[in-house]
Amino acid sequence: MTIQSVDPRALRDAFGAFPTGVTVVTACDGEGNPIGFTANSFTSVSLNPPLLLVCLAKTSRNFATMTGAPHFAINVLSETQKDVSNTFARPVEDRFAAVEWAKGSAGCPIFSNVAAWFECAMEEVIEAGDHVILMGRIEAFDNSGRNGLGYARGGYFTPTLASKAVSAAAEGSIELAAVVERRGEVLLLGEDVLSLPNIDAHGGNPTDALQEYLETLTRLKISVGFLYSVYEGKSDGKQHIVYHAVAGDGEPAGGRFIKPDALAAAKFKTSSTADIVNRFAMESSIGNFGVYFGDETGGKIHPIPAKGAIA
């Protein structure tokens with residue numbers, strides 16, 4: 001796309017195609033109270049001297065405190081800490097009550113069970129359009145060896161946990177499926193009775209196998225993203241793992257894209273498929289998705305932030 005007049009939402013979605021880790025940036029205000037916010041605009045800069053950076057929006061409620069703080073910390077969240085990311089991405093008053101933490105040597109909040117953490121002296125605050133860049137000189141750090149939490153296209157991904165879910169169910173039959181969307185429309189198979197594109201798992205990386213199947217089926221470029229639903233099918237005895245995926249432009253060789261307003265009247269192969277597709281249509285309309293864990297009859301939806309919730 002040639003840039004003449006920039007659509008900020010379209011540009012943000014394009015930035016979101018780049019998978020990142022998820023961090024919580026922390027510091028203390030002038031009275032010693034902890035503050036923090038979720039950010040994925042973090043990167044290493046230099047080994048000698050040891051430098052890193054993170055970007056902060058000028059509209060952030062933490063802007064004045066963060067830019068004036070002599071020290072700050074980067075907590076790189078682990079795969080099991082989606083709830084922590086959610087908490088610090090929202091305007092929750094007592095965010096720190098929901099996480100176990102302790103002060104580092106410079107007084108910055110350091111979280112427990114993170115993949116890694118870095119405590120930094122503020123090296124420089126650099127103007128950068130509607131953001132500033134916080135450049136930090138690393139004074140202390142630790143690496144736990146845990147895998148980091150990923151974020152791409154508005155949702156989390158945890159490939160290691162997904163692989164463990166497949167391994168845990170290895171003795172049973174596993175079906176991989178995808179809610180493949182393109183600008184809100186969903187790819188479905190069948191004419192009178194509809195189903196999600198799916199394959200049986202046969203070892204290896206589930207997302208790689210699913211992407212290969214989807215691209216062979218549709219002849220389109222497919223990007224497999226976050227887990228969308230994990231459930232036990234009591235009627236068929238299978239473990240079902242459903243991912244969210246995004247399709248590129250073009251007419252699909254297999255399946256067809258259906259608009260959300262046509263899904264309510266559609267007939268689906270199983271009630272589980274109907275639940276998944278109708279939930280996706282509803283969540284897509286409000287821009288806030290969840291991940292379902294359970295079985296065919298009941299379970300729990302774990303909310304994840306809407307696109308753009310991470311700074």
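A residue here counts as partly exposed when its relative accessible area falls between the 20% limit for buried and the 50% limit for exposed. Lysine 259 is a case in point: with a relative accessible area of 48%, this residue is partly exposed. The structure in question is a predicted model, and what follows goes through its salt bridges, its strand pairings and its ring contacts.

Lysine 259 is a handy place to start, as its side chain meets that of glutamate 185 in a salt bridge, at 2.9 Å from N to O. The two partners come from distant parts of the chain, 74 residues apart: lysine 259 belongs to the loop between E19 and strand E20 (267–268), and glutamate 185 to strand E14. Another salt bridge joins arginine 183 to aspartate 249, and here the closest N and O atoms are 3.2 Å apart. Arginine 183 is in the loop between strand E13 (173–182) and strand E14 (185–188), while aspartate 249 is in the loop between E18 and strand E19 (256–258), so this contact ties together parts that are 66 residues apart in sequence. Both ends of this bridge are out in the open: arginine 183 is exposed, with a relative accessible area of 68%, and aspartate 249 is exposed too, at 61%.

In total, the structure holds six salt bridges. One of them brings together the side chains of lysine 58 and glutamate 127, with 2.5 Å from N to O. Lysine 58 sits in the loop between strand E5 (51–57) and helix H2 (63–68), and glutamate 127 sits in strand E9, so the bridge ties together parts that are 69 residues apart in sequence. Lysine 58 has 34% relative accessibility and so counts as partly exposed, whereas glutamate 127 is exposed, with a relative accessible area of 57%.

Glutamate 127 leads straight to strand E9, which has pairing partners in E6 and E10. Strand E6 (residues 71–76) runs antiparallel to E9 (residues 116–128), and six bridges join the two. Within that pairing, isoleucine 74 has phenylalanine 118 of E9 as its bridge partner. E9 also pairs with strand E10 (residues 131–143), again in the antiparallel sense, over 12 bridges; tryptophan 117, for instance, has aspartate 142 of E10 as its bridge partner. E9 and E10 make a hairpin with two residues between them, and glycine 129 in the turn has a positive phi of about 65°.

On the aromatic side, a search of the whole structure finds seven pairs. Phenylalanine 118, already met as the bridge partner of isoleucine 74, turns up again in one of these. Its ring forms a tilted pair with that of phenylalanine 42, at 6.2 Å centre to centre and with 35° between the planes. Since phenylalanine 42 lies in strand E4 (residues 42–46) and phenylalanine 118 in strand E9, the pair ties together parts that are 76 residues apart in sequence. Phenylalanine 42 counts as partly exposed, at 25% relative accessibility, while phenylalanine 118, at 18%, counts as buried.

Phenylalanine 96 and phenylalanine 111 form a further pair: the ring centres are 6.1 Å apart and the planes meet at 75°, so this one is edge-to-face. Phenylalanine 96 comes from the loop between helix H3 (82–88) and strand E7 (101–103), and phenylalanine 111 from strand E8 (residues 109–111), 15 residues apart. Both of these phenylalanines are buried. They are also part of a bigger picture, as ring pairs link Phe88, Phe96, Trp101 and Phe111 into a cluster.

Further along the chain, strand E17 (residues 222–233) is mostly covered, with nine of its 12 residues buried. E17 and strand E18 (residues 238–247) run antiparallel and are joined by nine bridges, with valine 224 standing opposite alanine 245 in E18. The hairpin of E17 and E18 has four residues between the strands, and glycine 237 there takes a positive phi near 70°. E17 also runs parallel to strand E21 (residues 290–295), with four bridges between them; here valine 230 stands opposite phenylalanine 293.

Helix H6 (residues 271–286) spans 23 Å from its first C-alpha to its last over 16 residues, close to the 22 Å expected. Its buried residues include Ile276, Val277, Arg279 and Phe280. Arginine 279 lies over the face of tyrosine 228, at 4.0 Å from the ring centre.

Terms used:
Residues numbered from 1 in each chain as written. Predicted model: local features only at pLDDT ≥ 70, side-chain atom pairs only at ≥ 80, totals over all residues. Heavy atoms only, no water. Pairing = 2+ DSSP bridges. Phe/Tyr/Trp six-rings, centres within 6.5 Å; stacked < 30°, edge-to-face > 60°. Buried < 20%, exposed > 50% of the residue type's maximum accessible area, 1.4 Å probe, protein only. Lys NZ or Arg CZ within 6 Å of the ring centre and 35° of its normal. Expected span 1.5 Å × (residues − 1). Salt bridge = Lys/Arg side-chain N within 4 Å of Asp/Glu carboxyl O.
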